Amino acid sequence: MISRLTGVLIEKQPPQIVIDVQGVGYEVDVSMQTFYALPAVGEKVQLFTQLIVREDAHLLFGFADKTERTTFRQLVKVSGIGAKTALGILSAMTADELAQAIAQEDVKRLSSAPGIGKKTAERMVLELRGKLVHSDGADLSLFAAAAPADESEDIVSTLLALGYSEREARAAIKGITAGTDVSEGVRLALKHLLK
């Protein structure tokens, strides 16, 4: 099991990054919450990881803190939620927001995440009630704000990768001002989509 990676960030293309750990490049899928916290390419980064082994692939998922990883592990245990869907949920809301939605049995909020319908949201409430906890203030000192970019197409591409349709993605970016960097643009678009 690969539990943690510490190395140099060499590629960033949401939702995937590559970390060089002493000459070995690890391809890691990350949530947008973690992506926002990443430093610039070429800087040191540390991620907590979860390895998912499937018949056709070994997939590595990375998280900024242990709470997010623990939440991911709980999500993939829910019937009907795979690793990619769990990552989409954690991209749409933080682990704390998810824990709060589960505690409040907010099915509407849960079903607004990509790939989650009403029945799956209800199942999440049933199976995860009391199992998710708020973060413990994990140390994020190795993380900094993402480097700015000015590409609305990157924002749309990220939303598409998270499971939203092109129509939803285009509608979500209409209110975003020109010059907004990609990570902030995605955050604003997700906020719009979750209303």
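**Entry 1: α2 and α3**

I looked up how α2 passes α3 and found a right-handed crossing. This is a predicted model, so I read it as such. Helix α2 spans residues 66–75 and helix α3 spans residues 83–92. I noted an angle of about 135 degrees between them, with the axes 9 Å apart. The cut-off for roughly antiparallel is over 145 degrees, and roughly perpendicular ends at 115. α2 and α3 are therefore oblique to each other.

Which residues make the contact? From α2 I listed Glu68, Thr71, Phe72 and Leu75. From α3 I listed Ala83, Ala86, Leu87, Ile89 and Leu90. I sorted the contact of α2 with α3 by class: seven nonpolar residues, one polar and one charged.

**Entry 2: the UniProt feature**

I checked the record next. UniProt, in an unreviewed entry, places "domain: Helix-hairpin-helix DNA-binding motif class" at residues 73–92 and 108–127. I then asked what the chain does over each stretch. Residues 73–92 are 65% helix and 0% strand. The end C-alpha atoms of that stretch lie 17 Å apart. Over residues 108–127 I found 70% helix and 0% strand. There, the end C-alpha atoms are 17 Å apart.

**Entry 3: domains**

How is the protein divided by the domain assignment? I copied domain 1 as 4–63, domain 2 as 66–137 and domain 3 as 151–194. I looked at domain 1 against domain 2. Their centres, taken over C-alpha atoms, are separated by 21 Å. In the contact, 12 residues of domain 1 meet 13 residues of domain 2.

**Entry 4: α7 and α8**

I moved on to helix α7, residues 152–161, and helix α8, residues 166–173. Their axes come within 9 Å and cross at roughly 135 degrees. That makes α7 oblique to α8. I logged the crossing of α7 and α8 as right-handed.

On the α7 side, the contact residues are Ser152, Glu153, Ile155, Val156, Leu159 and Leu160. On the α8 side, they are Glu166, Ala169, Arg170, Ala172 and Ile173. I split this contact of α7 with α8 into seven nonpolar, one polar and three charged residues.

**Entry 5: α7 and α9**

Where does α9 lie in the chain, and at what angle does α9 cross α7? Helix α9 covers residues 182–193, and the α7 and α9 axes cross at roughly 50 degrees. The axes come within 9 Å. Roughly parallel needs an angle under 35 degrees, and roughly perpendicular starts at 65. α7 and α9 are therefore oblique to each other. I noted a right-handed crossing for α7 and α9.

I then listed the residues in contact. α7 contributes Asp154, Ile155, Thr158 and Leu159. α9 contributes Val182, Gly185, Val186, Ala189, Leu190 and Leu193. By class, the contact of α7 with α9 holds seven nonpolar, two polar and one charged residues.

I compared the two α7 lists. Ile155 and Leu159 of α7 appear in the contact with α8, and Ile155 and Leu159 also appear in the contact with α9.

**Entry 6: backbone in the β1–β3 region**

I finished with the backbone. Which residues does a cis peptide bond join? I found it between Pro14 and Pro15, with omega about 5 degrees. Pro15 sits in the loop between β1 (4–13) and β2 (16–21).

I also checked Gln22. Its phi is near 50 degrees, a positive value in a residue other than glycine. Gln22 lies in the loop between β2 and β3, with β3 at 24–30.

Technical notes. Residues are numbered from 1 along each chain as its sequence is written. This is a predicted model: local features need pLDDT of at least 70, side-chain atom pairs count only at pLDDT 80 or more; totals for chains, interfaces and linings use all residues. Side-chain values use heavy atoms; hydrogens and water are left out. Axes are lines fitted to C-alpha atoms, for helices over the stretch in contact, and angles run from 0 to 180 degrees between N-to-C directions. Helices (H or I, at least four residues) and strands (E, at least two) are DSSP runs, numbered from the N terminus. A crossing is left-handed if the near helix is turned anticlockwise from the far one by less than a right angle, and right-handed if clockwise. Contact means heavy atoms within 4.5 Å. Ala, Val, Leu, Ile, Met, Phe, Trp, Tyr, Cys and Pro count as nonpolar, Asp, Glu, Lys and Arg as charged, and the others, Gly among them, as polar. UniProt positions are given in the numbering used here, feature names are shortened, and annotations may be inferred rather than shown by experiment. Domain bounds come from an automatic or database domain assignment.
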